[in-house]
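Before any single residue is discussed, it helps to set the overall fold beside the local geometry. The report below is meant to be read with the sequence and the coordinates at hand.

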Amino acid sequence: MNDRNIERAKKLDTATLSDALDRHGLNGQCHKIKPRSTDFRMAGRAWTLMYGPAGSPPGTVGDYIDDVPPGSVIVLDNGGRDNATVWGDILTELAHRKGIAGTVIDGINRDVALCLELGYPIYSRDSWMRTGKDRVQVEATQVPVNIGDVRVCPGDLLRGDADGVVVIPKSHEEKVLASAEEIQAAEDAIRTSVRSGMSLREAREKHRYHQLQTREVAQ
């Protein structure tokens, strides 16, 4: 099924979407979640999973990959843990083969070399090799999770590029995308004006740049 808003998001960078989120007073910028390569780009709907400390006996770190639809962004909340990973090369290979759009982790991943080789987008806090087996376990899937101090619900729209990841809540995506498109059009017009000899101050005033970035006040 063609998802028009995913296609719209692909044409917008995260900085522009961040400005649009700010305009509407929405928290969607995932703090300290970074791409393992600045070449990575992704856009898709969230498929979420939450981890917790392993019990006794320990539960599984997850064979959920079979349930994730192609085109989804796998969103893993590992509570920001940096002492055990929840993603490695087997998951990278399978996700790439299935056509998953990318993976976002509030925590760390390992086996970075394969995601770079395949061009499979992974966004996380960092990378380290120690397994999460017997250290963490799956608590729930397809529930609201936290990624970089941002709430992510199943079906929310995510966009990632070299600057990081933004989350657009599904209930607000039409207005956020429309504002981002408006901001992008103004920035493109400013560049054209400046290249033609206009000063930056004049170009920004002409194209109402500062008004576009002003937070809207609820009526």
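What follows moves from the whole chain to its nonpolar cores, and then to individual residues and the backbone.

## The chain as a whole

The model is predicted rather than experimental, and its protein chain has 7 helices and 12 strands. The radius of gyration of the protein chain is 19 Å, close to the 17 Å that the globule rule gives for 219 residues, so the chain is as compact as a globular protein of that length. Taken along the principal axes, the C-alpha atoms fill a box of roughly 65 × 40 × 35 Å.

Buried residues account for 45% of the 219 residues in the chain, where buried means a relative accessible area under 20%. The chain exposes about 11,100 Å², of which carbon and sulfur atoms supply 48%. Of the contacts between residues at least 6 apart in sequence, 74% join residues at least 24 apart. As for charge, the chain carries 29 positive and 32 negative side chains, and the centres of these two sets lie 3 Å apart.

## Nonpolar cores

In soluble globular proteins, nonpolar side chains tend to be buried together. The largest nonpolar core of this model has 35 residues, and the members that touch the most other members are Y64, L76, W87, V104, V152 and L158. Two or more residues of this core come from each of the strands β2 (42-53), β3 (73-77), β4 (102-106), β6 (122-124), β9 (145-147), β10 (150-152) and β12 (164-168), and from the helix α3 (89-98). The largest share, 5 residues, comes from β2.

The surroundings of L158 can be listed in full: leaving out residues up to four places away in sequence, L158 touches M42, A43, G44, A46, V73, V75, V104, V152, V165, V166 and V167. Apart from the largest core lies another core, of 15 residues, which includes I6, A20, V176 and L177.

## T103 and P121

Which residues does T103 touch, not counting those up to four places away in sequence? They are M42, I74, L76, W87, Y120, P121, I122 and Y123. T103 is found in strand β4, and T103 is buried, with a relative accessible area of 0%.

P121 has its place in the loop between α4 and β6 and is also buried, at a relative accessible area of 7%; this value counts as buried because the cut-off is under 20%. P121 and T103 are 18 residues apart in sequence, and their C-alpha atoms are 6.4 Å apart in space. Leaving aside neighbours within four places in sequence, P121 is in contact with F40, R41, M42, A101, G102 and T103. M42 thus appears in the contact list of T103 and in that of P121.

## N146 and K98

N146 lies in strand β9, and N146 is partly exposed, with a relative accessible area of 32%. Beyond residues up to four places away in sequence, N146 touches D77 and D106. K98, whose place is in helix α3, is partly exposed as well, with a relative accessible area of 28%. With the same exclusion of residues up to four places away, K98 touches I65, D66, D67, V68 and P70.

The table sets out C-alpha to C-alpha distances for three pairs, together with their separations in sequence.

| Pair | Apart in sequence | Apart in space |
|---|---|---|
| N146 and C30 | 116 residues | 9.2 Å |
| K98 and P70 | 28 residues | 5.8 Å |
| P121 and T103 | 18 residues | 6.4 Å |

## Backbone details

Which residues does a cis peptide bond join? The bond lies between S56 and P57, with omega about 0°, and P57 is found in the loop between β2 and β3.

Positive phi values in residues other than glycine also deserve a look. D111 has a positive phi of about 55° although it is not a glycine; the place of D111 is in the loop between β5 (108-109) and α4 (112-118), and at 31% relative accessibility D111 counts as partly exposed. For Q142, phi is near 55°, again a positive value in a residue other than glycine. Q142 lies in the loop between β8 (136-141) and β9, and Q142 is partly exposed, with a relative accessible area of 36%.

Key. Residues numbered from 1 in each chain as written. Predicted model: local features only at pLDDT ≥ 70, side-chain atom pairs only at ≥ 80, totals over all residues. Heavy atoms only, no water. Helix = DSSP H or I, 4+ residues; strand = E, 2+ residues; numbered from the N terminus. Rg over C-alpha atoms; globule rule 2.2 N^0.38 Å. Buried < 20%, exposed > 50% of the residue type's maximum accessible area, 1.4 Å probe, protein only. Contact = heavy atoms within 4.5 Å. Areas by Shrake-Rupley, 256 points an atom, 1.4 Å probe, with all protein chains shown as cover. Lys, Arg positive; Asp, Glu negative; His and termini not counted. Charge placed at Lys NZ, Arg CZ, Asp CG, Glu CD. Core = buried A, V, L, I, M, F, W, Y, C linked by side-chain atoms within 4.5 Å.
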